[in-house]
Amino acid sequence: MVRIKKVYDKNYTVIGNTSINDSGLYLADKGMLEYLWSKPDDWNFYAREVAKHQKDGIDGVNSALRHLEENGYLYRGRVRNEKGQLKGSKWLLSETPKKEWSEYYQKKCEKRKKKPFPKFVKSMRLAFPSI
């Protein structure tokens, strides 16, 4: 048996174990959640900018965001003014899954007539049959 001893340095993030131990999330999803959690509350998020600094690229970033949203860790909504015009976006991040957020995501997918991101997809790579 191997034991892991943690070496703590300065500038670290504290997050609950719920998301880390959630078997419904991929490692990339957990990494994205921890990455977002490490940022200050007033941090402006741009998926393309994050993708520039990650090996997964824009598709990997968007995939992780969809998984977090589907599993209730991320809420992404639009804010409108009294005239119904788009005013901005509202993102909420939780270290524990919120059932209401997951249900909102499912309804949003149904509205767009899109299927939620399939849970069985483990990789963005396509398997080609052997000839």
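In this predicted model, helix 4 meets helix 5 through R66, E69 and E70, which touch W101, S102, Y105, Q106 and K108 on the helix 5 side. Sorted by class, the residues of this contact come out as 4 charged, 2 polar and 2 nonpolar. As for the geometry, helix 5 covers residues 99-111, and its axis sits 7 Å from that of helix 4, at an angle of about 115°.

Helix 4 has another partner, helix 2. Here A28, D29, M32, L33 and L36 from helix 2 come up against V61, S63, A64, L65, H67 and L68 from helix 4. This contact is made up of 8 nonpolar, 2 polar and 1 charged residue. The two helices, spanning residues 27-37 and 57-70, cross at about 85° with 9 Å between their axes. Angles from 65 to 115 degrees count as roughly perpendicular, so helix 2 and helix 4 earn that label.

Helix 2 also turns up in the wall of a pocket. The second largest pocket holds about 370 Å³ of space, and both helix 2 and strand 2 (86-93) give at least two residues to its lining. Strand 2 provides the largest share, with 3 residues. Looking at the lining by name, it includes L36 and W37, then K39, P40, D41, W43, N44 and F45, and further along the chain L74, W91, L92 and L93. What kinds of residue make up this lining, by class? There are 9 nonpolar residues, along with 2 charged and 1 polar. L36 plays a part in two places: it is one of the helix 2 residues that meet helix 4, and it lines the second largest pocket as well.

Notes:
Residues numbered from 1 in each chain as written. Predicted model: local features only at pLDDT ≥ 70, side-chain atom pairs only at ≥ 80, totals over all residues. Heavy atoms only, no water. Axes fitted to C-alpha atoms, helices over the stretch in contact; angles between N-to-C directions. Helix = DSSP H or I, 4+ residues; strand = E, 2+ residues; numbered from the N terminus. Parallel < 35°, antiparallel > 145°, perpendicular 65-115°, else oblique. Contact = heavy atoms within 4.5 Å. Nonpolar A, V, L, I, M, F, W, Y, C, P; charged D, E, K, R; others polar. 1 Å grid on protein atoms, 1.4 Å probe; cavity = no way out; pocket = protein on both sides within 12 Å on 5 of 7 lines; lining within 4 Å. Points joined across faces, edges and corners; volume = space filled by probe spheres on them.
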